[in-house]
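Here is a friendly walk through one protein chain. Have a look at the structure below, turn it around a little, and then read on.

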Amino acid sequence: MEIVDYLRAARRRLWVLLGVPLAAALAVGLFVGLSPQRYTATCYVAAPALVGGAAAQQYTGTQAASQFVAAFKAAVTSPRVLDQVAADTGVAEGTLRDGLAVAQVGASSQLTLAYTGTRRATVEPVLTATAQRALDFLFTSQVNIATEQVAAANADVTTATAAIADWEKTNKVSQPDKLYQATLTEIASLRQQRLSMEAVGNSRAVAAATAALDAAQKRLDALGPKLPDYQSLLAQRDAATSALSQARQGLQGARAQAQAADPAQVASVGEVRAVSRVRALATTVPPAAAAGLLLAVLLVVVLELLSRRAQPAAAAEPAPALSRAA
């Protein structure tokens, strides 16, 4: 087909090329114009103390800001947070999921939480509850986990200490490791005394020192086999004590993060405003008209193809024979 043919076809089907886009634009315009008025507001979340800094924090490194925003966005749309916000505000979970949106401010750790709904009175409560529940989900849960870790480590220390006490009660000896070292020191001192007494020829003192040495050696021989078990219990208690110290440090860091994520300090809700219908029309009607125009062009092409197929078929039919005169 030549360009002239396309123009002729377009002229013949002008009602299609104009009517379909107009109908699409009109339908979308009526839908936007007759839909309930929508209201929106934005909550700004600025918590720089939660990103970067100490290595113990959750979000560190070059991607810390993006990771924080991604985690906050996932928390906002998580079933647990949506269920809690729905219970707090009375707004259905589906409405919350459709109306909430999270965006990062540039490349910073700050973000915006926006909500759009048809009930003006629920916009600000939804934003406040969502920011609070999402921050609690991300950071208060860390405090709970760290608290459980401290409790578990403390229980291990208690168990290890009780095991040492039971061992000492069973073997009727207290702190055998220190007693063993004291006995060794005593034996070394007695040997030195015996050598000194032998040097001056004091046989009575030598006999006393020898008796004391024999008694100390017996105590040492009795303690020696018991020390490995006791030292193993001491090692278990030391390991439990070290784990408890680390758990307490983790709890302290988690509490510091939770305090830095206090919604009252890091979140602020802006003014609730009505969504402009003109802007909504400007963003929806032109795309609808463009889609209608594309559909109209395709429809014109189909109609032209059908009409061209019908013309050869009509030309191929034989002309009716003339009846002869009687």
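Let us begin with helix α7, whose buried residues are Pro176, Thr183, Ile187 and Leu190. What covers these buried residues? The cover includes α6, α8 and α9. Keep in mind that you are looking at a predicted model. Helix α7 has 25 residues, which should span 36 Å at 1.5 Å a residue, and its end C-alpha atoms are indeed 36 Å apart, so the two values agree. Just after α7 comes Gly201, with a positive phi of about 80 degrees.

**The loop before α7**

Now step back to the loop between α6 and α7, where you can find Lys172 and also Gln175. Each has a positive phi without being a glycine: the angle is near 55 degrees for Lys172 and about 50 degrees for Gln175. Are these residues buried or exposed? Lys172 has a relative accessible area of 77%, and because exposed means over 50%, Lys172 counts as exposed. Gln175 has a relative accessible area of 37%, which lies between the 20% and 50% cut-offs, so Gln175 is partly exposed.

The table puts these two loop residues side by side.

| Residue | Phi | Relative accessible area |
|---|---|---|
| Lys172 | near 55 degrees | 77% |
| Gln175 | about 50 degrees | 37% |

**Helix α9 and its neighbours**

One of the helices covering α7 deserves a visit of its own. Helix α9 covers residues 227-260, which makes 34 residues. From its first C-alpha to its last, α9 reaches 49 Å, close to the 50 Å expected at 1.5 Å a residue. Which elements do the buried residues of α9 pack against? They pack against α6 (120-171), α7 (176-200) and α8 (203-223). The buried residues of α9 include several leucines, namely Leu227, Leu233, Leu234, Leu244 and Leu251. Also buried are Ala240, Ala247 and Ala254, together with Tyr230 and Gln257.

**Where α3 meets α6**

Two packed helices are described by the angle between their axes and the distance between the axes. Let us try this on helix α3 (residues 64-76) and α6: their axes come within 9 Å and cross at roughly 115 degrees. The crossing in which α3 passes α6 is right-handed. On the α3 side, the contact is made by Phe68, Ala71, Phe72, Ala75 and Val76. On the α6 side, it is made by Thr130, Ala131, Ala134, Leu135, Phe137, Leu138 and Phe139. How many of the residues in this contact of α3 with α6 are nonpolar, polar or charged? There are 11 nonpolar residues, 1 polar residue and no charged ones.

**The annotated spans and Ala290**

The UniProt record, an unreviewed entry, places the feature "transmembrane region" at residues 14-34 and 288-306. In the model, residues 288-306 are 100% helix and 0% strand, with end C-alpha atoms 27 Å apart. Ala290 is found in helix α11 (residues 277-316). Its relative accessibility is 47%, so Ala290 counts as partly exposed. Ala290 and Pro21 are 269 residues apart in sequence, yet their C-alpha atoms are 6.8 Å apart in space.

**The whole chain**

Finally, zoom out. The protein chain contains 11 helices and 5 strands. Of its 326 residues, 29% count as buried. Among contacts between residues at least 6 apart in sequence, 77% join residues at least 24 apart.

Conventions:
Residues are numbered from 1 along each chain as its sequence is written. This is a predicted model: local features need pLDDT of at least 70, side-chain atom pairs count only at pLDDT 80 or more; totals for chains, interfaces and linings use all residues. Side-chain values use heavy atoms; hydrogens and water are left out. Helices (H or I, at least four residues) and strands (E, at least two) are DSSP runs, numbered from the N terminus. The expected span of a helix is 1.5 Å times one less than its number of residues. Buried means under 20% relative accessible area, exposed over 50%, partly exposed in between (1.4 Å probe, protein chains only). Contact means heavy atoms within 4.5 Å. UniProt positions are given in the numbering used here, feature names are shortened, and annotations may be inferred rather than shown by experiment. Axes are lines fitted to C-alpha atoms, for helices over the stretch in contact, and angles run from 0 to 180 degrees between N-to-C directions. A crossing is left-handed if the near helix is turned anticlockwise from the far one by less than a right angle, and right-handed if clockwise. Ala, Val, Leu, Ile, Met, Phe, Trp, Tyr, Cys and Pro count as nonpolar, Asp, Glu, Lys and Arg as charged, and the others, Gly among them, as polar.
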